[in-house]
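Colleague: I would like to go through this model with you. Could we start with how the helices pack and then turn to single residues?

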Amino acid sequence: MPVVREFLETLRVQRWDDHRYYHHSRINQSLHLLSACSFVVAYALLFVDPAMAALLAWGVSMTSRQAGHFFFEPKGYDQVNQATHEHKEEIKVGYNLRRKVVLMAAWALAPVLLWLTPSLGGLIEPATDTAGYIHDVGIFWLALGVGGLIFRTVHLFFLFNVQTGLAWMTKILTDPFHDILLYRKAPLALLRGEWIDPHHAQHSR
C-alpha cells in the first residue's frame, strides 16, 4: 500500500537523520545502548508497576541518553554531513537540545513540586510516607513522558503533517529496540580507543 510505504520511508529517513547527525560519539552510542536496554526493561515493568517503570525510564534511561547528547556529542561543524550544529538543531524533527533542556527541567522539578505540594493542589491523594512519595514521583514522571510524547506529536501535525508526527512517535517508541541493534558494538569500539564512529554517516541508507 502506498500510504504504508510512505510512512515507512518517513520513519526510515527520520531514523537515518537522527543517527548521522546526532550519534557520532562512541560514548554517546554506548550510553544509548545502556538507555535502550533500560527502556526495554521499563516497557516490561509498565504492565506490572507503572511507577517503577517511569522511575527506571527517567532515572536511568533518559539521564544516560541525554547525558550522551549534552556532554559527549561533538557540537562543532559536521564535516561529513556538511552541516553546522545550529543547522542541525533548526531542522531537528523531534526534541532538539533546547527543547530537551525544558523537558529535563520539568523532570527535575517534578519531585520538588510533589515535596512542596504533595496533593498537587488537591488533584491527588497526598503521600503519607517515603514509599508513597516515590510512587507519586514515578506516576508524575510517567505522565510527563506521555504528555511530552503526545504534545510533540500533535505539534508536528501542524508543523508538517500527520504522517510526520505519527512516524516520529513510532520512532521514539521503538528507538530502544532499534538502538540495541545499531549500537550494540559501540562499547567494544570504545574500549579499542575509538572515540568517534568512523562510519556514522556511511551506513546503508
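Modeller: Certainly; please keep in mind that this is a predicted model. A good starting point is the contact in which Gln 29, His 32, Leu 33, Ala 36, Cys 37, Phe 39, Val 40 and Tyr 43 of H2 meet Ile 172, Leu 173, Pro 176, Phe 177, Asp 179, Ile 180 and Tyr 183 of H7.

Colleague: How do the residues of the contact of H2 with H7 divide into nonpolar, polar and charged?

Modeller: Twelve of them are nonpolar, two are polar and one is charged.

Colleague: At what angle do H2 and H7 pack, and how far apart are their axes?

Modeller: Helix H2, residues 26-45, packs on helix H7, residues 162-183, at an angle of about 130°, and the axes are 8 Å apart.

Colleague: Why is that pair called oblique?

Modeller: An angle over 145 degrees would count as roughly antiparallel, and 65 to 115 degrees as roughly perpendicular. The angle of about 130° falls in neither range, so H2 and H7 are oblique to each other.

Colleague: And what is the handedness of the crossing of H2 and H7?

Modeller: H2 passes H7 in a left-handed crossing.

Colleague: Let us move to H5 and H6. How are they oriented to each other?

Modeller: Their axes cross at roughly 155° and come within 10 Å. Angles over 145 degrees count as roughly antiparallel, and H5 and H6 are therefore roughly antiparallel to each other. The crossing of H5 with H6 is right-handed.

Colleague: Which residues of H5 and H6 meet?

Modeller: From H5 they are Arg 99, Leu 103, Ala 106, Trp 107, Ala 110, Pro 111, Val 112, Leu 113, Leu 114 and Trp 115, and from H6 they are Tyr 133, Asp 136, Val 137, Phe 140, Trp 141, Leu 144 and Arg 152. By class, the contact of H5 with H6 has 14 nonpolar, no polar and three charged residues.

Colleague: Asp 136 catches my eye. Is Asp 136 buried or exposed?

Modeller: Asp 136 counts as buried, because its relative accessibility is 16% and the cut-off for buried is under 20%.

Colleague: What is Asp 136 in contact with, leaving aside neighbours within four places in sequence?

Modeller: Asp 136, which is in helix H6, is in contact with Leu 114, Ile 124, Glu 125 and Ala 127.

Colleague: A change of topic: where is Thr 63, and what does Thr 63 touch?

Modeller: Thr 63 is in helix H3. Not counting residues up to four places away in sequence, Thr 63 touches Trp 58, Met 104 and Trp 107. Thr 63 is partly exposed, with a relative accessible area of 25%.

Colleague: Which backbone oxygens does the side chain of Thr 63 reach?

Modeller: A polar atom of that side chain lies 2.7 Å from the backbone oxygen of Gly 59, and the side chain also reaches the backbone oxygen of Val 60 at 3.2 Å.

Colleague: Finally, the backbone. What is phi of Gln 82?

Modeller: Phi of Gln 82 is near 55°, a positive value in a residue other than glycine. Gln 82 is in the loop between helix H3 (50-72) and helix H4 (85-91), and Gln 82 is exposed, with a relative accessible area of 53%.

Colleague: And what about phi of Leu 120?

Modeller: Leu 120 is not a glycine, yet its phi is positive, at about 50°. Leu 120 lies in the loop between helix H5 (97-116) and helix H6 (130-159). Its relative accessible area is 21%, and Leu 120 is partly exposed.

Conventions. Residues numbered from 1 in each chain as written. Predicted model: local features only at pLDDT ≥ 70, side-chain atom pairs only at ≥ 80, totals over all residues. Heavy atoms only, no water. Helix = DSSP H or I, 4+ residues; strand = E, 2+ residues; numbered from the N terminus. Buried < 20%, exposed > 50% of the residue type's maximum accessible area, 1.4 Å probe, protein only. Axes fitted to C-alpha atoms, helices over the stretch in contact; angles between N-to-C directions. Parallel < 35°, antiparallel > 145°, perpendicular 65-115°, else oblique. Left-handed = near helix turned anticlockwise from the far one by under 90°. Contact = heavy atoms within 4.5 Å. Nonpolar A, V, L, I, M, F, W, Y, C, P; charged D, E, K, R; others polar. Polar contact = N/O pair within 3.5 Å; in protein donor to acceptor, adjacent residues only side chain to side chain.
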